[in-house]
Amino acid sequence: MKTFPRNPLALGLELLVIVVLLFPLFLSAAESPETSATSLQSRYDNIHSLQFDFKQETRGQLAGRPKIGRGQAFFVKDLDGEKPGMMRWNYSAPDQQVLVSDGETFSMYFASLKQMIISDASAMQNDLTYSFFTGSGKLTEDFLILPPDQQFTGREPVADQATIIKLTPRKRQSQVASIHLWITVDSLIQRIEILDHFDTLTVLNFSRIKVKSRAPGPNSLTNKLFS
């Protein structure tokens, strides 16, 4: 039996019909920003302690030359919510600095100046990394959850990146205009970009992330870090 080549236009129309029919399925498969935020909140609600290596960069017209720092950070929270969370940032570069909060006081030690500054920790509740990582911050209550700005969609992917979401404070904050979070496939924050009202951008990249869901023993590293 003689066969005839199919009309390319007809083939194109068939493919178009298939794409139109399947497009809603593609949309449903893509996780919405709200769903990503909910999964992220659920993951961190069940984390007792968190530690990671970090690289921090701050740039903008008011910031002057870009400032780069790096080190290790540690967070511990009370899963029962009866005690405030604890935080420690050990900066190894460009200068040795230690930032520590036990939930009641916040201490900053500058090795080059041999100086320590101590203040009340209540002001730290406005800091996303402190409030969220120690369990008191709630993303959907504190922020509007939005898709990322267009300039982020063309970025080279961060390792293990699953999605990017944008946060804008529900109540105006003096230091934060918007935040973008890079979330891994296992619902961990790997990158944070914080933009203030003066277009100063602070970028935090996290690596070697370790989480624990149970409280450590009495001789744990946690006690040494915060004692």
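**Warm-up.** At its relative accessibility, does Arg 208 count as buried or exposed?

Solution. Arg 208 counts as exposed, because its relative accessibility is 60%. The cut-offs are these: buried is under 20% relative accessible area, exposed is over 50%, and partly exposed is in between, with a 1.4 Å probe and protein chains only.

Before going on: this is a predicted model, in which local features need pLDDT of at least 70 and side-chain atom pairs count only at pLDDT 80 or more, while totals for chains, interfaces and linings use all residues. Residues are numbered from 1 along each chain as its sequence is written, and side-chain values use heavy atoms, with hydrogens and water left out.

**Exercise 1. Get an overview of the fold.**

Step 1: list the secondary structure. You'll find 6 helices and 11 strands; these are DSSP runs numbered from the N terminus, helices being H or I of at least four residues and strands E of at least two.

Step 2: check burial. Of the 227 residues, 37% are buried.

Step 3: look at contacts, meaning heavy atoms within 4.5 Å. Take those with a separation of 6 or more: residues 24 or more positions apart account for 46% of them.

Step 4: turn to the surface. About 14,400 Å² is exposed, and carbon and sulfur atoms supply 55% of that. Accessible areas come from the Shrake-Rupley method with a 1.4 Å probe, and for residues only the protein chains shown count as cover.

**Exercise 2. Work through three salt bridges.**

Step 1: apply the rule, a side-chain nitrogen of Lys or Arg within 4 Å of a carboxyl oxygen of Asp or Glu. That gives 5 salt bridges.

Step 2: go back to Arg 208. Its side chain meets that of Asp 53 at 3.1 Å, N to O. Arg 208 sits in strand S11 (residues 201-212) and Asp 53 in strand S1 (residues 49-60), so the pair ties together parts 155 residues apart in sequence. Asp 53 counts as buried, at 16% relative accessibility.

Step 3: try Lys 166 and Asp 149, whose side chains meet at 2.9 Å, N to O. Lys 166 belongs to strand S8 (residues 161-169) and Asp 149 to the loop between strand S7 (143-146) and helix H5 (150-153), so this bridge links parts 17 residues apart in sequence. Lys 166 is buried at 15%, whereas Asp 149 is partly exposed at 23%.

Step 4: finish with Arg 191 and Glu 193, where the closest N and O atoms are 2.6 Å apart. Arg 191 is buried at 15%, and Glu 193 is buried at 2%.

**Exercise 3. Place Ser 178 among its neighbours.**

Step 1: find Ser 178 in strand S9 (residues 178-184).

Step 2: note its burial, with a relative accessible area of 9%.

Step 3: leave out residues up to four places away in sequence, and Ser 178 touches Lys 166, Leu 167, Thr 168, Glu 193, Ile 194 and Leu 195. Lys 166 and Glu 193 have already turned up as salt-bridge partners, of Asp 149 and Arg 191.

**Exercise 4. Describe the lining by residue class.**

Step 1: pick out the residues that lie nearest the centre of the largest pocket: Asp 127, Leu 128, Thr 129, Gln 175 and Ile 194.

Step 2: see who contributes. The largest share of the lining, 4 residues, comes from S3.

Step 3: sort the lining into 18 nonpolar, 15 polar and 7 charged residues. Here Ala, Val, Leu, Ile, Met, Phe, Trp, Tyr, Cys and Pro are nonpolar, Asp, Glu, Lys and Arg are charged, and the others, Gly among them, are polar. A pocket is an open set of points on a 1 Å grid over the protein atoms alone, where a 1.4 Å probe fits, with protein on both sides within 12 Å along at least five of seven lines; lining residues have an atom within 4 Å of a point.
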